[in-house]
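Trainee: Could you walk me through one part of this model in detail? I'd like to look closely at the open sheet and at what sits around it.

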Amino acid sequence: MRYSTLSCGPTADLPSGHRGVVLDLTVRRFVCAEPQCSRRIFCERFVDGPSPYARRTGRACRVVQHLSVILGGNAGAQLALKLPLPVSASTVLRSAQALTVTPARVPEIIGVDDFALRRGQVYGTVIVDLAQGKPIELLPDRSAETLAAWLQQHPHIKVISRDRSTEYEKGVRMGAPHAQQVLDRWHVIKNFREALERQLGRDRQTILAVCQAKVPVPPTPRTQSEELRYEAGQQARQGFFDEVRVLSKAGYSQRAITRRLKVSRGRVRHYLSAQAPPQRRHHHRRSSILDPFVPYLEERWAAGEDNAAALLRELREQGYPGSRKRVAQWVQVRRTHPAKNTPGPYRTTAVRKRSVSPQEQPPLLPGEADRNLTLRRLVWLMLPDETTLRSPDRELLTAMKAGCEAVSHAHGLAQAFMHLMRKRQPEALTGWVEQASSCGLPDLVTFARGLERDKDALEAALRLPWSNGPAEGVVNKIKLIKRQAYGRASFGLLRQRVLLAA
């Protein structure tokens with residue numbers, strides 16, 4: 001056997017003193033003298049050196065792999081360039097795919113939750129160790145069959161925490177019928193709040209009329225163009241409301257109306273349950289840099305000065321630091337006739353009805369001036385213990401109950417439900433479900449019937465300490481890793497990074 005030397009080319013190693021290190025290796029090449037040998041040429045190998053055909057040493061490859069797991073492709077490549085250990089983003093991603101994920105030990109208590117691969121279209125499932133708060137597996141979809149197939153491979157699982165998804169309920173029943181299902185308490189309360197909001201939305205006009213009578217809301221001054229846009233939007237909402245009602249009376253289902261009008265099913269359901277189209281929410285006027293100078297402006301306005309430029313010059317002398325636009329808007333919403341310098345073509349559109357100023361409105365209750373009286377906020381007043389509410393909120397809730405029978409009835413059910421959830425009283429659940437099922441409020445009846453199906457899982461949630469909180473935390477981490485990938489990650493690479501980062 002004879003040999004010769006061969007240069008292997010540069011091989012990158014870990015940097016030293018913020019300088020890149022490149023190894024230039026020369027190895028021996030052996031030639032076998034045996035004619036029948038299938039491989040006649042052999043190159044020398046290094047036991048602790050770089051692998052054949054590698055452009056980086058083993059320890060340099062491990063650093064790139066760590067960057068790929070923690071930072072992803074682009075961010076990992078940028079940091080590697082600063083080390084310096086220059087690699088491309090594609091190389092960083094290939095390094096993550098080359099890693100081997102060691103199967104985690106599947107515990108007896110797990111949590112199941114979904115995460116978005118493409119929001120609104122494609123979802124996956126994450127399975128979490130609730131005791132340690134770490135992901136143990138990612139599934140490519142959130143179907144019952146996929147979850148059941150995974151659970152059948154781990155028959156030792158005893159407790160499974162989940163949200164109120166029907167797919168997960170079916171998957172657990174198919175794959176682990178012996179396991180104890182536990183509903184997530186936060187999701188149950190959230191679903192109850194949404195049902196309560198839908199129910200009160202049926203009497204939206206009555207409730208908001210009671211609120212307005214109790215706590216008057218000053219309208220925000222608007223220009224003529226803003227009023228025209230508001231009126232056009234309200235007409236469009238009224239037209240859509242009438243169209244949905246006509247299609248429903250013609251026998252169309254909610255799903256058929258959704259396809260015909262190309263809107264979400266939730267919007268169709270909301271319009272069918274409402275007595276009138278929703279009004280655009282009026283926002284309260286926020287504090288302005290002009291507020292300290294308003295008394296002077298009102299005095300000059302009463303004296304007949306309606307020129308915004310002249311008023312601005314006077315305010316500048318008093319220390320006004322703001323812009324001309326703010327003063328011009330203040331003047332514009334108070335005009336009852338066009339300004340002298342208004343161009344002729346615009347004089348017919350320059351007049352608008354004078355808005356009522358906030359000073360002419362009845363005074364608000366303490367603490368209410370900066371809060372919108374929305375239906376959602378009123379629902380939140382019904383959930384906490386009434387004794388913990390502030391005095392203005394308690395008075396508002398009392399007026400609501402007196403002015404609307406549905407609010408009074410729903411408030412009693414809300415207080416009872418929140419009490420049994422806070423105090424963990426599974427024995428009171430049956431009575432509450434029976435009471436809600438016969439209350440005559442459609443949305444709360446639907447919610448109660450759904451709880452009847454998950455009654456055992458909810459009672460377990462009230463008895464046991466487990467919840468889906470750790471799973472929600474893992475979902476947040478998955479979102480971060482997804483955004484680091486900038487859309488270049490497949491499900492396989494995402495699974496690699498999530499499980500390796502755990």
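**The open sheet and its surroundings**

Mentor: Let's start with one pair of residues: valine 128 stands opposite proline 135 in E6. Keep in mind throughout that this is a predicted model. The strands behind that pair are E5, residues 122-129, and E6, and they run antiparallel, with 5 bridges between them.

Now zoom out to the whole sheet. It's an open one with 5 strands, in the order E6-E5-E4-E7-E8, and the pairing is mixed. At the edges you find E6 and strand E8 (180-183); each has a single partner strand, so one side of each has no neighbour in the sheet. On average, neighbouring strands here are turned by 30° against each other, direction ignored.

So what does the mixed pairing look like strand by strand? You've already seen the antiparallel case, E5 with E6. For the parallel case, go to E7 and E8, which are joined by 4 bridges. There, isoleucine 160 stands opposite glutamine 181 in E8. As general background, strands of a sheet pair through backbone hydrogen bonds, either parallel or antiparallel.

How does the chain get from E7 to E8? Helix H5 (residues 166-175) goes with these two strands to make a β-α-β unit, and that unit is right-handed.

Two other helices pack on the sheet. Helix H19, residues 455-463, touches strand E7 (159-162) and E8, and its direction makes about 75° with that of E8. Helix H21, residues 491-501, touches E4 and E6 instead, with its direction at about 170° to that of E6. With angles that run from 0 to 180 degrees between N-to-C directions, you can read the 170° for H21 and E6 as pointing nearly opposite ways.

Next, the salt bridges, because one of them involves a strand of this sheet. The model has 13 salt bridges in total. In the one I mean, arginine 142 pairs with aspartate 114, and the closest N and O atoms are 2.6 Å apart. Aspartate 114 belongs to strand E4 (residues 109-118), while arginine 142 sits in the loop between strand E6 (134-139) and helix H4 (144-152), so the bridge ties together parts that are 28 residues apart in sequence. Arginine 142 counts as partly exposed, at 36% relative accessibility.

There's also a network of salt bridges to look at, linking Arg162, Arg453 and Asp454. Within it, the side chains of arginine 453 and aspartate 454 meet at 3.8 Å, N to O. What about burial for these two, buried or partly exposed? Aspartate 454 is buried, with a relative accessible area of 2%, whereas arginine 453 is partly exposed at 49%.

For a contrast, try a salt bridge inside one helix. Glutamate 194 and lysine 190 form one, with their closest N and O atoms 2.7 Å apart. Both belong to helix H6 (residues 185-201), and because they are 4 residues apart, about one helical turn separates them. Glutamate 194 is partly exposed at 26% relative accessibility, and lysine 190 is partly exposed too, at 28%.

Key:
Residues are numbered from 1 along each chain as its sequence is written. This is a predicted model: local features need pLDDT of at least 70, side-chain atom pairs count only at pLDDT 80 or more; totals for chains, interfaces and linings use all residues. Side-chain values use heavy atoms; hydrogens and water are left out. A salt bridge is a side-chain nitrogen of Lys or Arg within 4 Å of a carboxyl oxygen of Asp or Glu. Buried means under 20% relative accessible area, exposed over 50%, partly exposed in between (1.4 Å probe, protein chains only). Two strands pair if DSSP finds at least two bridges between them. Contact means heavy atoms within 4.5 Å. A crossover is right-handed if, with the strands pointing away from the viewer, the path from the first strand over the helix to the second runs clockwise.
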